[in-house]
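Biologist: I am new to this structure. Please take me on a close look at its aromatic pairs, and then at some helix packing around the chain.

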Amino acid sequence: MFAKIHSAGLFGIHGYIVDVEVNISNGIPQLNMTGALSNETKEGQFRIWNAIKNIDIGFRPQKITVNLSPAFIRKTGTAYDISIAVGILAAAKLIPDLHLESFAFLGELGLDGSIKAVNGVLSLSMALRDAGIKNLILSNENLAEARLVDGIRAAGAENLKEIVEALRYGRTVEGCMNMLEKKEETASFDNLCSDEIESEPDFIDVHGQEYLRRAAEIAVSGRHNILFSGPAGTGKTMIAKRMPGIMPSLTREEDIEISKVYSVRGLLPKDRPLFSKRPFRAPHHGITMASFLGGGANVLPGEISLASGGILFLDELPLFNRSVVEALRQPMEDKKITINRLRGSYVYPADFQLVAACNNCACGHFPDRTKCHCTESQIKTYMGHLSKPLLERIDICAEASPVSYEELTVSDSVANKRSCESSAEIRKRVEEVHRIQEKRFEKEPLIKFNSGMGIHEIERYCVLRKNEALLMKEMFVAKNLSARTYHKVLKVARTISDMDGDEYISEKALIEAVSLRSLEDRLFK
């Protein structure tokens, strides 16, 4: 007696179809599972055996062989439990198998037959939809996530017995789904995303530091990587945490791509099927390479992929392991990270905006020599953790200055606090600059922002007029700029000119763009 049931597995953040083949024959009662299975998948035999026994539907133990195909791909996770259990019952003729080819099943079984949530349902549902499978049965906890995928009909169940009864008495595919389908309305995308931006930390709380605020706005307007440096306690981290709040709202496509990564890691909010906001990831400086880039036994996405679509904030940048930081260089260029293993290559998104912060010395007080007693060699050793190739991939280096008493106390008055710009006001300007870039690059499918321009696009969209070209030549020679830094300056200047509404790059924009490289000048003069 044979049955075949559809399910799906994960390879990276993408799903693929898994066919669960079940054969029952005479012999000593046992359950054998094959198909390149991980430990947690193999252990499913104990969950499945006890779940079938405890729902009490008259199953008689027999010799059972289960194969998860394709066998050359290693199966991980516990999402195959339901499909294996349904396959066993179908092969034993305890449920009709007439319409089973129209269904797919996802979920982990408890020993009592209860169905538990699994990770990666968004990607798994998309794979099933793309394979032409239109009906999906899974845990009620995963139901809202599966219903985000257009073209697939999802129904939830509390336990295995509910599924068995629906397949037994539903008679048709429609009848089975109607018996299981819950009538609650799925939240709309607009409702999921409303109120999210308002919950972010707001720029209205930042007193003083106009220079850093301006640098942050330039960075977000052109999606430029930025490094804040300066004495401790000057608001570098405070401003960085508020930068997601001035980024444009997520589109549905962006939200789904972000949510796929978080779903695979099991980090989606429990009450929401979408992440619904720009990510802000701030890993500790002691993070390992695998946690940062991705990897591990099951090759999961790391921090740089969790930050994709949002901000990766590295506070105290010189304290990070140098090999970890240097590993950022290629993902920052490619906007993706490829992790190679013997059983295949895993490609994860890495389209993050890097925001970093550091002090100017180990004690955090330089250049205030009344407080800082670090020697020049100590300062150079501390800042020497930042390599020139890394800094050349950071478009903006903004140095903070201490906030004065007057800036703090004057801004504390109600009247002046109301006059400070909020994140919402800044975000309106950023969205306008993004619209300018969207129009500029409408014929460049791989480029969305000024920071993404290559040499060809720079030559086309960053043309300098005569006076600006002479000024740029003087600054290039005087500061001994590298070719990479030269192109970074032009891209930042293009963004500043967009913010000012200038069709061409202005002298003012060039000067400001070059001034935003001051840290590099000081470290590598």
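Modeller: What follows goes through the ring pairs, then a charge over a ring, then some helices. Keep in mind that this is a predicted model.

Start with the rings. A search of the whole structure finds seven aromatic pairs. A pair of aromatic rings is described by the distance of the centres and the angle of the planes. Take Tyr262 and Phe275 as one of the pairs. Their ring centres are 4.0 Å apart, and their planes meet at 25°. Planes under 30 degrees apart count as stacked, so this pair is stacked.

Where do Tyr262 and Phe275 lie? Tyr262 belongs to helix α11, residues 252-264. Phe275 is in the loop between α11 and β11, the latter being residues 280-281. The pair therefore ties together parts that are 13 residues apart in sequence. Are the two residues buried or exposed? Buried means under 20% relative accessible area. Tyr262 has 2%, so Tyr262 is buried. Phe275 has 11%, so Phe275 counts as buried too.

Now a second pair, Phe476 with Tyr486. The centres are 5.8 Å apart and the planes stand at 85°. This pair is edge-to-face; planes over 60 degrees apart get that label. Phe476 sits in helix α22, residues 466-479. Tyr486 sits in helix α23, residues 483-500. The pair thus ties together parts that are 10 residues apart in sequence. Phe476 is partly exposed, at 32% relative accessible area. Tyr486 is partly exposed as well, at 26%.

Rings can also have a charge over them. Arg440 lies over the face of Phe441, at 5.8 Å from the ring centre.

Next, helix α16, residues 376-383. Which of its residues are buried? They are Ile379, Tyr382 and Met383. Seen down the axis of α16, these buried residues fall within an arc of 90°, so they line one face of the helix. The face turned away from that buried side carries the exposed residues Lys380 and Thr381.

Last, two helices that pack. Helix α6 covers residues 160-169, and helix α7 covers residues 173-180. The angle between them is about 145°, with the axes 8 Å apart. Their crossing is right-handed. Which residues make the contact? From α6 come Glu162, Ile163, Glu165, Ala166, Leu167 and Tyr169. From α7 come Cys176, Met179 and Leu180.

Methods
Residues are numbered from 1 along each chain as its sequence is written. This is a predicted model: local features need pLDDT of at least 70, side-chain atom pairs count only at pLDDT 80 or more; totals for chains, interfaces and linings use all residues. Side-chain values use heavy atoms; hydrogens and water are left out. Rings of Phe, Tyr and Trp (its six-membered ring) pair if their centres lie within 6.5 Å; planes under 30 degrees apart count as stacked, over 60 as edge-to-face and the rest as tilted. Helices (H or I, at least four residues) and strands (E, at least two) are DSSP runs, numbered from the N terminus. Buried means under 20% relative accessible area, exposed over 50%, partly exposed in between (1.4 Å probe, protein chains only). A charge sits over a ring if NZ of Lys or CZ of Arg is within 6 Å of the ring centre and within 35 degrees of the ring normal. The arc is that of the directions from the helix axis to the C-beta atoms. Axes are lines fitted to C-alpha atoms, for helices over the stretch in contact, and angles run from 0 to 180 degrees between N-to-C directions. A crossing is left-handed if the near helix is turned anticlockwise from the far one by less than a right angle, and right-handed if clockwise. Contact means heavy atoms within 4.5 Å.
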